[in-house]
Amino acid sequence: MPGPADGQEVTDQTERIAGMWTGAWAILVIVGLIIWGLTIWSAIAYRRRKHDKGFPVQLRYHVPLELMFTLVPVVMVLTFFYFTQQTTAEVEMHEPDPDITVNVVAKQWSWDINYVNENVHEPAGVQSFATGEPGAAESLPELWLPVGQSVEFRLDSRDVVHSFWVVDFLYKKDMMPGHTTSFQVTPTREGVYDGKCAELCGEYHSDMLFNLVVVSPEEYEAHIQELRDQGYEGQLGVDLNRNEEEWSMRERSDDAGPRYTTETSTEETTK
Ligand SMILES: [Cu+2]
């Protein structure tokens, strides 16, 4: 079973998602056992015996049997579809007034975290280097959230397609340049959770890590105040130029002709 050892749910959605996952597997294992059982049984029961001659009785156009072969899979697919659709709709539900709104901007290869209501941001994310040294994990960009409050993630990208993934949330969402995606969730368990980019986005994709820190509302407020005191007011939006040069991604792709030369495409294939 996914989830932390103490059994406390990480968000208000994890139970539902894990239930969908394990339920589907349980049904499929039962179906598998029936199919394997029948296959093995028929191979043994109808095997060719010593004095058998010619062909066994040939069975054709057995309408009830063929109806069953059609209807059972159709019913199964429809049932899985129903539960998948139901779970997706619940997980994707947007309340009009979430308690916290966080705008996450992905960039090759890190994250900028903006607290929208408070109009402060985390220090600009710097790509991590998985050095294996103790303490490397503590230097990752952080996203703080208060426990028990609903949060809306607004997800943007400054360059290529990334994907926002907090592993223990059991959910991830693509981040695209020029299009904001979003989802809402309520973290229900304090702790530090691994966040990753889940969409291969270039050479250092695997170093695109962050920590999601779920704390008490008081600690969250204190953290926001600390950011404010350190001067991290405002937002690090998508309009920020990621290379501090005189072009935006849009201009560059429009003016520069084909995006990929043979040089970069050979690089691509080595990943
Ligand atoms: Cu990425």
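**Exercise 1. Getting oriented**

What percentage of the contacts in the protein with a separation of 6 or more comes from residues 24 or more positions apart? Work that out, then take stock of the whole fold.

*Solution.* Start with the ground rules. This is a predicted model, where local features need pLDDT of at least 70, side-chain atom pairs count only at pLDDT 80 or more, and totals for chains, interfaces and linings use all residues. Residues are numbered from 1 along each chain as its sequence is written.

Next, pin down a contact: two residues have one if their C-beta atoms, placed from the backbone, lie within 7 Å. On that basis, residues 24 or more positions apart account for 71% of the contacts with a separation of 6 or more.

Now the inventory. The protein has five helices and ten strands; helices (H or I, at least four residues) and strands (E, at least two) are DSSP runs, numbered from the N terminus.

Last, burial. A residue is buried with 20 or more other C-beta atoms within 10 Å of its own, exposed with 12 or fewer, and partly exposed in between, with C-beta atoms placed from the backbone. Of the 271 residues, 22% count as buried.

**Exercise 2. Checking helix lengths**

Compare the expected and actual spans of H1, H2 and H3.

*Solution.* The expected span is 1.5 Å times one less than the number of residues.

- H1 has 32 residues, so it should span 46 Å, and its end C-alpha atoms are indeed 46 Å apart.
- H2 (residues 63-91) has 29 residues and should span 42 Å, which agrees with the 42 Å between its end C-alpha atoms.
- H3 (residues 217-229) has 13 residues; 18 Å is expected, and its end C-alpha atoms are 18 Å apart.

One extra detail: H3 is followed by Gly231, with a positive phi near 90°.

**Exercise 3. How H1 and H2 pack**

Describe the H1-H2 pair: angle, axis distance, handedness and contact residues.

*Solution.* Two packed helices are described by the angle between their axes and the distance between the axes. Helix H1 (residues 14-45) packs with H2 at about 165°, and the axes are 10 Å apart. Axes here are lines fitted to C-alpha atoms, for helices over the stretch in contact, and angles run from 0 to 180 degrees between N-to-C directions. So H1 is roughly antiparallel to H2. The cut-offs are under 35 degrees for roughly parallel, over 145 for roughly antiparallel, 65 to 115 for roughly perpendicular, and oblique for the rest.

The crossing is left-handed, meaning that the near helix is turned anticlockwise from the far one by less than a right angle (clockwise would be right-handed).

Who makes the contact? H1 brings Arg16, Ile17, Met20 and Ala24, while H2 brings Phe80, Phe83, Thr87, Glu90 and Val91. These residues sort into six nonpolar, one polar and two charged. Ala, Val, Leu, Ile, Met, Phe, Trp, Tyr, Cys and Pro count as nonpolar, Asp, Glu, Lys and Arg as charged, and the others, Gly among them, as polar.

Finally, look at coverage. Both helices are hardly covered: H1 has one buried residue among its 32, and H2 has zero among its 29.

**Exercise 4. Odd backbones in loops**

Find what is unusual at Trp109, Asn119 and Leu170.

*Solution.* Trp109 is in the loop between E1 (100-107) and E2 (110-115). A cis peptide bond joins Gln108 to Trp109, with omega about 0°.

Asn119 sits in the loop between E2 and E3 (120-121). Its phi is near 55°, positive although Asn119 isn't a glycine. Asn119 counts as partly exposed because 13 other C-beta atoms lie within 10 Å.

Leu170, in the loop between E6 (162-166) and E7 (171-175), also isn't a glycine and has a positive phi, near 60°. Leu170 is buried because it has 20 C-beta neighbours inside 10 Å.

**Exercise 5. Neighbours from afar**

Which residues touch Thr186, not counting residues up to four places away in sequence?

*Solution.* Thr186 is in the loop between E8 (181-185) and E9 (191-197). With that exclusion, Thr186 touches Thr11, Asp12, Gly148, Gln149, Ser150 and Val151. Ile100 is 86 residues away in sequence, yet the C-alpha atoms of Thr186 and Ile100 are 9.7 Å apart.
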